[in-house]
Amino acid sequence: MKSRTEGVERDPSAHGAQRAVVVGVELPDAPDSAEAPLAELKRLAATAGALVVGEVVQRRPRPDAAFFIGRGKAREVAALAAASNADVVIFDNDLSPAQERNLEKEIGRSIVDRSRLILDIFATRARSKQAALQVELAQMEYQKPRLKRMWTHLERMEGAIGSRGPGEKQIEEDKRIIGKRISVLKRQLEVVERQRASQSAARRQYFKVSLVGYTNAGKSTLLHRLTGADAFIEDKLFATLDTQTRAWELPGNTRVFLSDTVGFIRDLPHHLVASFQSTLAEAIDADLLLHVVDTSNPDAELQMRVVDETLDGIGARASRRLVVFNKLDAVRDRLLAQSLIDSTPGGIGVSAKSGAGIAELEGRVAGVAQSANVALELRVPAGAGRLLAFIDERATVTERRYEDDIVVLRIHAAPRDAAKIEEDLRALTRTP
């Protein structure tokens, strides 16, 4: 095990923040990472408002059943937490309720595992009603099996068979309360999700594009660059949880709808994946996914694998994808970055911050969207100015000729626009 308090990054603006020691266990099946151990956990801790004052990294063949890191190592962590005056110990792994309880007794500090830390961050980031409900539901599902540790100060009473102490009675009561709250949250989510589904249905005939990617890959910045939307942008993990959908005007009179989705992360808590299933449906239903990658991150390839695995897990395996290598402006090794782009099918390099590569990206997406367009041959009365203007604005006209008072057109249009054009033309030519 390696532990240290010196050299840990300290944020001078974090005065009064909780002081945290971060702990990670490297297991044999852990993926290789180019970043230093616990680098991502420290960013998560900072996002949650903690000041990291010490860190511990241990290699083990398998987790200890009682303490995850073993009793001896737990005592070392306790000494480090005391020496650094830490308030909380944050683990980069998921702990069982029993392990949390044992560690809390041994270390004498509040214990937070990776899932709980991410849930806490999500709770501070939820802005819409749907996101708030989704996060609370995930928190309730996470907390339910951990109720026992809240009442360990109330020992079970001795006595006749079947007698129960106040702690056990309180646990049962809390389970009922949480169970009822979970049912209420699920019903409320169903209502909100039906409203969102109806909004999505109104866009069904338009070509839909979704931004997906690892957290902090720059999806919101890219959404703003592409559509001009006032997206919430912050250089922190999970800056926004709410799906935003905006119209995106592309070359060739091509309009698509572009959606931003919640960022993925390694070991995303399964409660969150389940709760955010409806939000992630934007990715499942999309005609095209733009997989946004932070090219400046040394673990870019690992993050790409995490996103691909998450997409496969939610049923977006067959979706058509373009890989957008973002943050070229922040890349240090440009040759390495270009090699990664060139070796990735459908890869394209951009900088949402500077605008580099954006025109090429728009052209590529327009080409994909136009391949799904409907081809029509029309005979439009020359006096139908409003319809002809709509066609010029929303469709690609490949041929135009005049026969007396008729305009003959060959066009390509999105399915929804093609349906409207045909309907309006029928109304114009219908015999009174």
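The paragraphs below lead through the nonpolar cores, one helix, the enclosed and open spaces, and a few single residues of this predicted model.

A convenient place to begin is the interior. The largest nonpolar core holds 36 residues, and those that touch the most other members are Ile-90, Leu-117, Phe-122, Leu-272, Leu-289 and Leu-311. Two or more residues of this core come from each of the strands E2 (19-26), E3 (51-59) and E4 (88-91), and likewise from each of the helices H1 (39-47), H4 (114-125), H5 (129-143), H9 (277-284) and H10 (300-313). Among these elements, H4 provides the largest share of the core, namely five residues. Ile-90 shows how such a residue is surrounded: once its neighbours within four places in sequence are left aside, Ile-90 is in contact with Ala-20, Val-21, Val-22 and Val-23, with Leu-41 and Ala-45, and with Val-112 and Leu-117. Apart from this core lies another one, of 26 residues, which includes Val-209, Leu-226, Leu-290 and Ile-348.

Leu-322, in strand E10 (residues 321-326), offers a second view of a residue and its surroundings. Its relative accessible area is 8%, which is under the 20% limit, and Leu-322 is therefore buried. If residues up to four places away in sequence are not counted, Leu-322 touches the run Leu-288, Leu-289, Leu-290 and His-291, together with Gly-346, Arg-364 and Val-365. One of these partners, His-291, is 31 residues from Leu-322 in sequence, yet the two C-alpha atoms are 6.1 Å apart in space.

Helix H3 (residues 97-107) can be read by asking which of its residues are buried, and these are Gln-99, Glu-100, Leu-103 and Ile-107. Seen down the axis of H3, the buried residues fall within an arc of 100 degrees, so they line one face of the helix. The elements that cover these buried residues include helix H2 (71-83), strand E4, strand E5 (110-112) and helix H5. Just after H3 comes Gly-108, which takes a positive phi of about 75 degrees.

The enclosed spaces come next. A search of the whole structure finds three cavities of 30 Å³ or more. The largest cavity contains about 90 Å³ of space, and of the 15 residues that line this cavity, Asn-253, Thr-254, Arg-255, Asn-373 and Ala-414 are the closest to its centre. Strand E8 (254-260), helix H12 (358-370) and strand E14 (406-413) each supply at least two residues of the lining. By class, the lining of the largest cavity is made up of five nonpolar, seven polar and three charged residues.

The second largest cavity contains about 40 Å³ of space, and its lining consists of Phe-122, Val-262, Phe-264, Leu-268, Leu-272, Val-273, Phe-276 and Leu-280. By class, these residues are eight nonpolar, with no polar and no charged ones. Phe-122 and Leu-272, both found in this lining, are also among the residues that touch the most other members of the largest nonpolar core.

Of the open spaces, the second largest pocket can be described here, with about 840 Å³ of space. Its lining counts 32 residues, and the closest to the centre are Ala-30, Pro-31, Asp-92, Arg-266 and Asp-267. E2, H1, E3 and H10 each supply at least two residues of this lining, and H10 gives the most, with five residues. The lining of this pocket has 16 nonpolar, five polar and eleven charged residues.

Some single residues complete the picture. Asn-253, already met in the lining of the largest cavity, has a phi near 55 degrees, a positive value in a residue other than glycine. Asn-253 is found in the loop between strand E7 (244-250) and E8, and with a relative accessible area of 33% it is partly exposed. Asn-85 likewise is not a glycine and has a positive phi of about 55 degrees; this residue lies in the loop between H2 and E4, where its relative accessibility of 51% makes it count as exposed. Finally, Gln-188 lies in helix H6 (residues 166-202) and, at 31% relative accessibility, counts as partly exposed. The C-alpha atoms of Gln-188 and Leu-133 are separated by 7.7 Å, although the two residues are 55 residues apart along the chain.

Terms used: Residues numbered from 1 in each chain as written. Predicted model: local features only at pLDDT ≥ 70, side-chain atom pairs only at ≥ 80, totals over all residues. Heavy atoms only, no water. Helix = DSSP H or I, 4+ residues; strand = E, 2+ residues; numbered from the N terminus. Buried < 20%, exposed > 50% of the residue type's maximum accessible area, 1.4 Å probe, protein only. 1 Å grid on protein atoms, 1.4 Å probe; cavity = no way out; pocket = protein on both sides within 12 Å on 5 of 7 lines; lining within 4 Å. Points joined across faces, edges and corners; volume = space filled by probe spheres on them. Nonpolar A, V, L, I, M, F, W, Y, C, P; charged D, E, K, R; others polar. Core = buried A, V, L, I, M, F, W, Y, C linked by side-chain atoms within 4.5 Å. Contact = heavy atoms within 4.5 Å. Arc of directions from axis to C-beta.
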